[in-house]
Amino acid sequence: MKRKLLIASLIVACLGFLLWFIPPVYLVKRGTVSFERWERKGGRVTVTVGPKEKGWTPIRGVSRLALAAIVVSEDARFYTHGGIDLLAIKNSVKVNWKRGRYVRGASTITQQLVRLIFLDPEKTLLRKTREIVGALLLEFFLNKREFLEWYVNL
């Protein structure tokens, strides 16, 4: 009996960890997401964003040149990766290891969306791992045009 209770407890603990660890990226598909962020004057505030919310700019209202500039500056291989850029990660790890601190990031636009909406901004390997998992999953819910629309609005 004790063994069954121990096994059940371990299963519940593992499921709880997974529910916390995996960002709920599927929420962006419903159209509106609420999250907390820190503002200089207002402190911590809850923000609700999405295509149905006031102030949202549809992607068709954004200049193609502006979108191209965002992609070039933030994630040059945006259209060719599936949420993470392994080459950028490899190069970032080399630079950061050489300098002995975090000096170069490798976050794709997809990863930045996950971090902005679902994760804290702290720079830790655990948060980065959650960001990568979330980015890989988010690729199943949005297309590249939708990613850019969310990114521009955030």
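## Overall fold

Two residues are in contact when heavy atoms of theirs lie within 4.5 Å of each other. By that rule, in this predicted model, residues 24 or more positions apart account for 59% of the contacts in the chain that have a separation of 6 or more. The chain has six helices and two strands, and when read along the sequence these elements follow the pattern α-β-β-α-α-α-α-α.

Taken along the principal axes, the box that the C-alpha atoms of the chain fill is roughly 65 × 45 × 35 Å. The chain is made of 154 residues, of which 34% count as buried.

## Surface and charge

The accessible surface of the chain comes to about 10700 Å², and carbon and sulfur atoms hold 62% of that area. The chain carries 27 positive and 12 negative charges, and the mean position of the positive charges is 5 Å from the mean position of the negative ones.

## The pair of Trp56 and Trp150

A search of the whole structure for aromatic pairs finds three of them. In one, the ring centres of Trp56 and Trp150 are 4.9 Å apart and the ring planes stand at 75 degrees, so this pair is edge-to-face, given that planes over 60 degrees apart are counted in that way.

This pair links distant parts of the chain, since its two residues are 94 residues apart. Trp56 belongs to the loop between strand E2 (43-49) and helix H2 (64-74), whereas Trp150 is part of helix H6, which covers residues 144-153. Both Trp56 and Trp150 are buried.

## The cluster around Phe78

Another aromatic pair is formed by Phe78 and Tyr79, whose rings are 4.9 Å apart from centre to centre, with 75 degrees between their planes, and this pair is likewise edge-to-face. The two partners differ in their exposure: Phe78 has a relative accessible area of 0% and is therefore buried, while Tyr79, at 55% relative accessibility, counts as exposed because the exposed class begins over 50%.

Phe78 and Tyr79 do not stand alone, for ring pairs link them with Phe147 into a cluster. A charged residue also meets this group, as Lys144 lies over the face of Phe78, at 4.6 Å from the ring centre. Phe78 thus has a place both in the ring cluster and beneath the side chain of Lys144, and Phe78 itself is buried.

Note on methods. Residues numbered from 1 in each chain as written. Predicted model: local features only at pLDDT ≥ 70, side-chain atom pairs only at ≥ 80, totals over all residues. Heavy atoms only, no water. Phe/Tyr/Trp six-rings, centres within 6.5 Å; stacked < 30°, edge-to-face > 60°. Helix = DSSP H or I, 4+ residues; strand = E, 2+ residues; numbered from the N terminus. Buried < 20%, exposed > 50% of the residue type's maximum accessible area, 1.4 Å probe, protein only. Lys NZ or Arg CZ within 6 Å of the ring centre and 35° of its normal. Areas by Shrake-Rupley, 256 points an atom, 1.4 Å probe, with all protein chains shown as cover. Lys, Arg positive; Asp, Glu negative; His and termini not counted. Charge placed at Lys NZ, Arg CZ, Asp CG, Glu CD.
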